[in-house]
Amino acid sequence: MLTLQSYDKNFAPVGAIVSATDVTRTRRINADYTLSFAVPMSSADYREKLPLKGHVKDERGQYYVINSRQRSRDGRKLTAQISCTHVMFKLADYKFPYASYIDEAYGIQISQLTALIQSATGGRFSIAVDDTFDLVDVRDFGRGNCLEALNAIVTMYGAEVEPDNFTLHLRKRIGNVASDLQYRIGKNIVSSTFTDDGASLCTRLFCEMKDSRTWIGQPASILTAEERALLEAVPGAITDGILRVNYLISPYAPAWASDSVPFYDDTLTEQDVTDPLKLLEAGRKRLREREVPALEVSVSAADLHKLDETEPQPDLGDTVTLVDPDLEMAHLTARITELTEYPYALDQHAQVTVANVMRRDYAQIIADLEAGRRALENVFSGGRIRAEAFEEFARLAVIEINASKTEVKYDQRGIVLQSTADANDLVLLTSNGIIVSTDGGATARTAITASGVAAEQVIGQLGNFVTMEIGSGNNVTKINPNGISAGHADFNSAPFRVYMNGDVVARSITLTGTIENSEMTAGTITGTEIIGSTIRTATATRRIVLDPNGFRSFDGNGVCRISIETDDHFNAQVMNFYGPDGSLNGTLEGFNSTFNVAGNTSLTLGGPIVQLGGDVDHYTNAIVVQEDVAVFDFNYVNIANCPVIDDLTAQVAALWSALDGKASVSHTHSVTIPDHNHGNPDNATSGGGTFGVA
């Protein structure tokens, strides 16, 4: 059998509270979280287990602090009513440290503020942020205890709290939005009441922020398409794409309008907001809450889950469906905003409040006034003014005024804040503005008036300005919503422009330093030295490229035709020539004392005069023909300044002249000779005849 468990103030277990009756647990979103029950005063439970500031744990494992014990008599029956609050409310026992107080800050994350609360409690409480919240501007945060600080966070960020003992979960919305729980007549509804309230209905919401500022003058593009369409139907609400009114219209306005009341108006004032966009978001949220009647359903329903574990159990924040056609509830969907449970009694039914808004109860309204009440409680006591408090205040005020009388003065000029070190250094607060002077007020070094700010120097971080100008005419430098410009009154004609996206146009510029990871387009670049990885005349087609590999020339097809290599090739510097197909045609090589010209297939030297031999200054040296050269073709070539070749030509000519009288190698004839004895009379005479000669 489930029973409440008792613990002492240090959370040491004491025992089960077996005599507890009428155990009631009440929870409201961001509000009540209480547990109450009754015990006989004659029981050991009351005498031994329920001390003030002790603790009780329910079946959900949640701890509650025993805050009050109300004793009552009914004849001879003595009963104590025990009232407890969740340990979350122990945050009220921790003072928020003054060192962590935030007067004003902008763009603060919710985790920054929750960390301050955790630190203030010495780590006893931890706060888990389970959703992503927008940044907010924070003002006057931390004036009070840690519970007040948590309430401020919930209000500023629109969060909902789900406590798990000393771990607090902050979410945008607690509960199950897809709950299967339904309250149906004939199934689990025991009794119900359904209220719709149009007293707070609003179909046109006027919005204003700090200093009565609004979003008038902002571009209409900040609105949604639906918001803009509704406003454009109103003459003059939007002109030239600019908002001229400070209200939003609900799409349900025609449904609620009448001949006498076209709109139900209300006003939203957000004194802590300075951004028109944030004011617009706050206005949207308020209008969504108020554009339909407030619906509230109180249901007493049978807790079927106590008998059948498969039945869904209600939980705070769940979105449920209600069906009771007789009460005009046809599949009405809303959230459980308040839940009263009887977890230990099978014969008692949960009391559920389902609503589309979360109403503020009397306790919450009073809580908002608590800070003001504490500020006055030492001045007023029992409805009477405590004279001693005012006397003490006056005494301290006189001391402070006397201590500062050499710095704060009042004369015909206004309020004078005068330096104690040098009386000539002062600040004048006048009805026309603020003046800072170093000569006793005769002249102003700095002045702030309705016309603007006049100062010799403005030092520090500057805020948002519509425009700043230095100079006049075309000899001017401007900073405005277009960007930064110099050299012309018109931004688009200025020779120097910095656009809002970071692009820069400079018609005349002197750069000193390094330009990295950039592409430059220019007519002429003049410099003493240009150092880079690659220099090319074009990115494609015909081009010249200079890079770490050397100097190369490419044709229109992207083929390298000429290259000067930077790598040493057998201790030689090489210049290669390539054909249209990329094959090597020829090479020029220079060694320490040798220069080579080589053709891959053939080498042609052409010109009116071709000179061979000599060094670079005198053409006198010999020409050496290597043994692998087999043929010289001097046809149609006149060779000059080579006597050896000239003599060889003359000798060849003489040989040809001598050979001209000789028979051709193909000549033939016949010779006839008589018989003869070869001059020896002893020989027989013979051998004569006709013979062919070649």
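What percentage of the 694 residues of the protein count as buried? I looked this up before anything else and found 27%, where buried means under 20% relative accessible area, exposed over 50% and partly exposed in between, with a 1.4 Å probe and protein chains only.

I note that this is a predicted model, in which local features need pLDDT of at least 70 and side-chain atom pairs count only at pLDDT 80 or more, while totals for chains, interfaces and linings use all residues. Residues are numbered from 1 along each chain as its sequence is written, and side-chain values use heavy atoms, with hydrogens and water left out.

Overall make-up. I find 10 helices and 45 strands, taken as DSSP runs numbered from the N terminus (helices H or I, at least four residues; strands E, at least two). The protein exposes about 45600 Å², of which carbon and sulfur atoms supply 52%, by the Shrake-Rupley method with a 1.4 Å probe.

Cores. I next looked up the largest nonpolar core, a set of buried Ala, Val, Leu, Ile, Met, Phe, Trp, Tyr and Cys residues joined through side-chain atoms within 4.5 Å; this core has 31 residues, and Leu91, Leu113 and Phe141 are among those with the most contacts inside it. Strand E6 (63–74), helix H2 (110–120) and strand E10 (136–141) are among the elements that each supply at least two residues of this core, and the largest share, 7 residues, comes from H3. Apart from this core I find another, of 22 residues, among them Met209, Trp215, Ile222 and Val273.

For Leu91 I listed the contacts (heavy atoms within 4.5 Å), leaving aside neighbours within four places in sequence, and the partners include Ile117, Phe125, Leu150 and Leu168.

Arg139. This residue lies in strand E10. Is Arg139 buried or exposed? I find Arg139 buried, because its relative accessible area is 15%. Its side chain is joined to that of Glu104 by a polar contact of 3.1 Å, meaning a pair of N or O atoms within 3.5 Å of which, within protein, one must be able to donate a hydrogen and the other to accept it, residues adjacent in sequence counting only if both atoms are side-chain atoms. With neighbours within four places left aside, Arg139 is also in contact with Lys210, Asp272 and Val273, among others.

Ile530. I place Ile530 in the loop between strand E36 (504–506) and strand E37 (535–536). Ile530 counts as exposed because its relative accessibility is 55%.
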